[in-house]
Amino acid sequence: FPKLSGVLDLIYNPSQTKLLYDAKNLGIPYINGLSMLVAQGKKAAEIFTGEPIPDCEIEKIIKAIEDRTKNIVLIGMPGAGKSTLGKILSEKLGRKLTDTDEIITEKAGMPIPEIFSLYGEDKFRELETEAIKEAGKMSGAVIATGGGIVTRAENRYPLKQNSVAVWLKRDLTLLPLDGRPISQKNNITELFEKRAPLYGDFADFSVDVSENAEETAEKILEKLRRM
């Protein structure tokens, strides 16, 4: 629609439907139905209790709901610390931790290096996309992902539909190679140069990973609070 000025989708779970995701990518203003749901609840509460509730409470409640329900997705190069930081954030926030590599390993019945060895990268990427679709449907979870999830366009919406994406940046010289077929097969610097624009486009913000994992987790939490 050439004269379209905005998109409203009354669905509020997921917070970003495919329609709203497409609107965002086209630079069109968009909103979901959460604000309508909360405003409706406020009005109902006023009717039931006979007590007025200030309109300013609507925004506070919306933020509280989003803080509780949106997933935190960790992306970055293999060995950047996604699994380690995922565990720390999970414990600090009392959220479920999901690791897409663990989903793949469990469903395939074998470790990831063996999947690469027997079936190749294409098969692994197919399994990865299935794992991402499963994880993306969750609510209020911490999701650690594989380093290559940004390389396939079909992985984007399932993870972005209800999440905040954090790009973990770690010094390339500190990235471990053991058990990481892609890292062993490719030059790390060249691999990073290919993926960096994709990470940047996918992420809502980035954090430099220090050798102190607790310190890095606090950086993430502080940026989340500011958001």
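This passage describes the overall build of the chain, its salt bridges and two places on its surface.

The structure is a predicted model. The chain has 227 residues, 43% of which count as buried. Ten helices and seven strands make up its secondary structure. Along the principal axes, the C-alpha atoms fill a box of roughly 65 × 45 × 30 Å. Sequence-distant contacts feature strongly in the fold: when contacts between residues at least 6 apart in sequence are considered, 67% join residues that are at least 24 apart. The exposed area of the chain comes to about 12,600 Å², and carbon and sulfur atoms supply 54% of this area.

Charge is the next topic. The chain carries 32 positive and 34 negative side chains, and the centres of these two sets lie 3 Å apart. The count of salt bridges comes to 16, and a few of them can be followed here residue by residue.

A convenient place to start is helix α1, which spans residues 18-25. Here K18 forms a salt bridge with D22, with 2.9 Å between the closest N and O atoms. The two residues are separated by about one helical turn because they are four residues apart in helix α1. K18 counts as partly exposed because its relative accessibility is 41%. D22 also has a place in the partly exposed class, at 31% relative accessibility.

Helix α2, made of residues 34-49, holds another pair, E46 and K42. Their salt bridge brings the closest N and O atoms to 2.9 Å. E46 and K42 are four residues apart in the helix, so about one helical turn separates them. What is the setting of this pair, buried or exposed? Both E46 and K42 are buried.

A further salt bridge joins the side chains of D204 and K160, at 3.3 Å from N to O. This pair links distant parts of the chain, its members being 44 residues apart. D204 sits in the loop between α9 (188-202) and β7 (205-208), whereas K160 belongs to helix α7, residues 156-160. The two ends of the bridge also differ in class: D204 is partly exposed, with a relative accessible area of 34%, while K160 counts as buried at 11% relative accessibility. Salt bridges can also share partners, and in this way K42, E46 and D55 are joined into one network.

Attention now turns to the surface. L8, L10, I31 and M36 together make a nonpolar surface patch of about 390 Å². One of these residues, I31, lies in strand β2, which consists of residues 30-31. With a relative accessible area of 42%, I31 is partly exposed. This value suits a patch member, because residues in such a patch must have over 30% relative accessible area.

The loop between β1 (7-8) and α1 (18-25) contains N13. N13 counts as exposed because its relative accessibility is 56%, and the exposed class begins over 50%. Which distance separates the C-alpha atoms of N13 and G33? The separation is 8.7 Å, although N13 and G33 are 20 residues apart along the chain.

How values were computed: Residues numbered from 1 in each chain as written. Predicted model: local features only at pLDDT ≥ 70, side-chain atom pairs only at ≥ 80, totals over all residues. Heavy atoms only, no water. Patch = residues over 30% accessible without salt bridge, like charges linked within 9 Å, V, L, I, M, F, W, Y side chains within 5 Å. Areas by Shrake-Rupley, 256 points an atom, 1.4 Å probe, with all protein chains shown as cover. Salt bridge = Lys/Arg side-chain N within 4 Å of Asp/Glu carboxyl O. Buried < 20%, exposed > 50% of the residue type's maximum accessible area, 1.4 Å probe, protein only. Contact = heavy atoms within 4.5 Å. Lys, Arg positive; Asp, Glu negative; His and termini not counted. Charge placed at Lys NZ, Arg CZ, Asp CG, Glu CD.
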